[in-house]
Amino acid sequence: MKVMILAAGRGERLRPLTDHTPKPLLHAGPKRLIEYLIEKLVDAGLKDIVINHAHLGEQFEPLLGNGQRYQANFQYSAEVTGGLETAGGIIQALPLLGNEPFLVVNGDIWTDFPFADVAELSLANQQLCHLIMVNNPSHNPAGDFYLDADGLLTTEGEPKLTFSGIGIYRPEMFAGHQVTKLPLKPLLVEAMSHKQVTGQHYQGQWSDIGTVERLTALAKQLDV
């Protein structure tokens, strides 16, 4: 299974750090945020990785290279200035991701999620995507989507869980869409209306490193 790491965001809440360094390339303890993800993916056998970039995107390839030193194979999807948002970035990268289901991971999270479990997951015939949901953090107390008893994700129902930024998608989910600035949520909501989105609740370690405070807290945790 191929993987896409989303690394094109501006990281406004992490300024001034992100004025000079893309958010996924910031250090948390001894490594960059994206390196923790890369190592976990490679350990799970997921070595074919596409990385998109926009903000300060010229820094990625010189720093990360072709993936050889991580025992992986990297391809890059460079976006226009300002980026294409999540769905737009995926749509642009589809030629690199192939015709089979692929994994997408936000480049600004830290987690101990067992990616090997996802690598072995098969999507059912009518299923367009499968999302990993987590407990609601303090910065998203209302959650995003409801996970029902059948494992379907919907916009209705309580309590809702938070989308972790980890998901498996069929290329068909993005069929018919042009490469343009496009968020992911509307596509998810549309697929949910047709009962084509499943999910699972992961209760291990997960953090969205979206602020300087959260980055500092993670760095302290990882330096122990």
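Let's start with a little group of rings: Tyr 70, Phe 74 and Tyr 76 are linked into a cluster by ring pairs. Please keep in mind that this is a predicted model.

Two members of that cluster, Phe 74 and Tyr 76, bring us to strand E5, which covers residues 73–78. Tyr 76 is the bridge partner of Ile 51. E5 runs parallel to strand E4, residues 48–53, and 6 bridges join the two.

Now step back to the whole sheet. Its 7 strands follow the order E5-E4-E1-E6-E11-E8-E12, and the sheet is open, with mixed pairing. Which strands stand at the edges? They are E5 and E12, the latter spanning 197–202; each has a single partner strand, so one of its sides has no neighbour in the sheet. On average, and ignoring direction, neighbouring strands are turned by 25° against each other. Helix H1, residues 33–43, packs on this sheet and touches E1, E4, E5 and E6. The direction of H1 makes about 170° with that of E1.

Back to the rings, then. The model has 7 aromatic pairs in total, and one I'd like to show you is Phe 102 with Phe 174. This pair is stacked, at 6.4 Å centre to centre, with 25° between the planes. Phe 102 belongs to strand E6, while Phe 174 sits in the loop between strand E11 and helix H5, so the pair ties together parts that lie 72 residues apart in sequence.

Are these two rings' residues buried or exposed? Phe 102 has 0% relative accessibility, so it counts as buried. Phe 174, at 1%, counts as buried too. Thanks, everyone!

Note on methods: Residues numbered from 1 in each chain as written. Predicted model: local features only at pLDDT ≥ 70, side-chain atom pairs only at ≥ 80, totals over all residues. Heavy atoms only, no water. Phe/Tyr/Trp six-rings, centres within 6.5 Å; stacked < 30°, edge-to-face > 60°. Helix = DSSP H or I, 4+ residues; strand = E, 2+ residues; numbered from the N terminus. Buried < 20%, exposed > 50% of the residue type's maximum accessible area, 1.4 Å probe, protein only. Pairing = 2+ DSSP bridges. Axes fitted to C-alpha atoms, helices over the stretch in contact; angles between N-to-C directions. Contact = heavy atoms within 4.5 Å.
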